Amino acid sequence: MTGIRLHNTLTRRKEDFAPLDPENVRMYVCGPTVYDRAHLGNARPVVVFDVLFRLLRHVYGAEHVTYVRNFTDVDDKINARAAEMRSAGDARPLEAIIRALTDETIRWYHDDMDALGALRPSAEPRATEWIGAMVAMTRDLIAKGHAYERDGHVLFRVRSYKDYGRLSGRSVDDMIAGARVEVAPFKEDPMDFVLWKPSTPDLPGWDSPWGRGRPGWHIECSAMARELLGETFDIHGGGIDLQFPHHENEIAQSICAHPEGGFARVWLHNEMLLVEGRKMSKSLGNFFTVRDLLEGNWSGGWKVPGEVIRFVYLSTHYSKPMDWTEEKARQAMETLTDWYSKTEDLDADSQGRWAFLLNLFNDLDTAGAIGKMHDLARDVARHPELKYAMEWFGFGFPDRLAPDAFRVKMATENNGADIVRVSWAGSLSPSAKRILMSKAHMLSSLRAAAKETKDFAPVDALKSSLVAAGVEVRMAKNEIGLVPGPDFDPAKLEALK
RNA sequence: GGCGGGUUGGCGGAGAGGUUACGCAGCGGAUUGCAAAUCCGUGAAGACCGGUUCGAUUCCGGUACCCGCCUCCA
């Protein structure tokens, strides 16, 4: 049987995945800097590596996979945001503001990523809780000649690591020739980067052999990965924009500190995200957080269920740029609504799992796997397998029901010959449901009468007013269905009697 | 300037050196008081130029265009 194959950025090839220890498969993914709501770009690696996490758990057993994703809660952007808050009138000490800010942002992050159906990682270390490990690693690097202290800074000596640049395919000399590196007087070499920097009294800081200061950005991942996963582990993931310098620097630090290790064996990088074909940016007005989408506060204007966001993300292979468009979201909404209605009352059947697992084994081909799910959706007999696939992918069925946003739980009643149904999505109020139900019955009796009189005008009139109120009307042979759409306005129905 | 990615049918988007991806839209049919929905069927592609091969959209080289990174960034 073939196993998982993954494209390793380090070797630029697709390789068979063989864990160091099948009893403990270890993965580290760079998490967010917590100073604001997660945006759409932040969410892509979360979803991508969530699928990988699920796949590893499936293959090796849930208890045999350790997934670590950090929270960066010490960072100049956080300090800057806290300083803004203080000048805006927050009277608390800066450190207290920072703590409150990062705590709150972490709660937001959990809320938003939960909404996307992402499993929580096995561990989510906060950088500030591992300062000791960072100081220790920094001391070790100095002792081994890979780092040096200058003016309260500790810098990594890039020239001391011969493979520097291997991950990103760059050479130190080329990069210096590119001349876009910060030239600081205390650096031996322009490429050297900061492991530790001094803090002024008003900034967060920790005591260290080099005075009160704070860690550089890259060291936290090296230190926490080492503490929680060991000197060598299986997979390290993150966005492609982290490939350089962040991941390059992580490798340099970790391997120089623990040459006998090897740090991460497989490096996975997800490509970037675009919005309507352009880079997401505040100036273009296409910058959205996950929360913006969930609450309808975006250019599309409608509330996008987390499952839809997840579906759109998984529709594009992780290694390709993904374009978030309203059209894709709309199609995903339709597809999921269809799938949920087909599977809601069924028991999942796992026998169809190979239909999509083989796609995932092939470098996490989620788009291909979704194609296979379409195959399952097309065949009524395989809908239980579709349900299994949906649950597997995190399009969950809490309490064995479809998510509220897709709830097509029909209120079904017999009225003469017609079956009358009102579809609803959880957000519909009970009174609105009652009105819709009565209109559906009215439609049914009007049609029954019209079949005798051959005068369909009253039927059409009611139908038109329903449509005008944003309700889709479905009239089958012995069935009448009302589907309130996104523009549904109950007030317009109350008006007509 | 350096490094990396991309270019597939009207749109979105995959795999695979030779056999239908798939979805949406379109078209034809069934069904329907009408319409929608649903069901069945169906046409349509691989930026350009070379090379390897019995055979390439799939491998190799070049050209064009697009995008990202090299500065905080998932």
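**Exercise 1.** How much space lies in the second largest pocket? Describe its lining and its position among the domains.

*Solution.* The model is predicted: local features need pLDDT of at least 70, side-chain atom pairs count only at pLDDT 80 or more, and totals for chains, interfaces and linings use all residues. Residues are numbered from 1 along each chain as its sequence is written, chains are lettered from A and ligands numbered from 1 in the order in which they are written, and side-chain values use heavy atoms, with hydrogens and water left out.

Step 1. Fix the terms. On a 1 Å grid over the protein atoms alone, a pocket is an open set of points with protein on both sides within 12 Å along at least five of seven lines, whereas a cavity is a set of points where a 1.4 Å probe fits but cannot get out; lining residues have an atom within 4 Å of a point. Grid points are joined across faces, edges and corners, and a volume is the space filled by probe spheres set on the points.

Step 2. Read the volume. The second largest pocket holds about 1000 Å³ of space.

Step 3. List the lining. There are 43 lining residues, and Pro32, His39, Gly41, Asn42 and Asp241 lie nearest the centre of the pocket. Helices (H or I, at least four residues) and strands (E, at least two) are DSSP runs, numbered from the N terminus. On that basis α1 (40-60), α2 (76-87), α3 (94-115), α6 (217-229), β9 (232-239) and β11 (273-275) each supply at least two lining residues. With 5 residues, α1 gives the most.

Step 4. Sort by class. Ala, Val, Leu, Ile, Met, Phe, Trp, Tyr, Cys and Pro count as nonpolar, Asp, Glu, Lys and Arg as charged, and the others, Gly among them, as polar. The pocket lining then has 18 nonpolar, 13 polar and 12 charged residues.

Step 5. Place the pocket. Chain A is divided into domain 1 (5-270), domain 2 (275-400) and domain 3 (407-494), with bounds from an automatic or database domain assignment. The second largest pocket lies between domain 1 and domain 2, because both give residues to its lining. Taken over C-alpha atoms, the centres of domain 2 and domain 3 are 30 Å apart.

**Exercise 2.** Characterise the protein surface near RNA strand B, and give polar contacts to the strand.

*Solution.* Step 1. Collect the residues. A residue is near the strand if one of its heavy atoms lies within 4 Å of it. There are 48 residues around RNA strand B, and Lys77, Trp217, Gly239, Leu242 and Met475 come nearest.

Step 2. Assign elements and classes. The elements that each supply at least two residues include α1, β9, α10 (326-343) and α14 (430-453). The most come from α12, with 6 residues. The surface near the strand has 12 nonpolar, 17 polar and 19 charged residues.

Step 3. Look from the RNA side. Of the strand atoms within 4 Å of the protein, 63% belong to sugar or phosphate and the rest to bases.

Step 4. Give the contacts. A polar contact is a pair of N or O atoms within 3.5 Å; within protein, one must be able to donate a hydrogen and the other to accept it, and residues adjacent in sequence count only if both atoms are side-chain atoms. A side-chain N or O atom of Lys77 lies 2.3 Å from a sugar or linking oxygen of RNA strand B. For Ser168, a polar backbone atom is 3.0 Å from a sugar or linking oxygen of the strand. For Asp365, a polar side-chain atom is 3.0 Å from a sugar or linking oxygen of RNA strand B.

**Exercise 3.** Find the cavities of 30 Å³ or more, and relate the largest to helix α9.

*Solution.* Step 1. Count. The structure holds 2 cavities of 30 Å³ or more.

Step 2. Describe the largest. It has about 50 Å³ of space and is lined by Val48, Val51, Tyr313, Leu314, Thr316, Tyr318, Leu364 and Thr366. α1 and α9 each supply at least two of these residues. The lining divides into 6 nonpolar, 2 polar and no charged residues.

Step 3. Examine α9. Buried means under 20% relative accessible area, exposed over 50%, and partly exposed in between (1.4 Å probe, protein chains only). In helix α9 (residues 306-314), 9 of the 9 residues are buried, so the helix is largely enclosed by the rest of the structure. Among them are Glu307, Arg310, Tyr313 and Leu314.

Step 4. Describe the second largest. Its volume is about 30 Å³, and its lining has 2 nonpolar, 4 polar and 2 charged residues.
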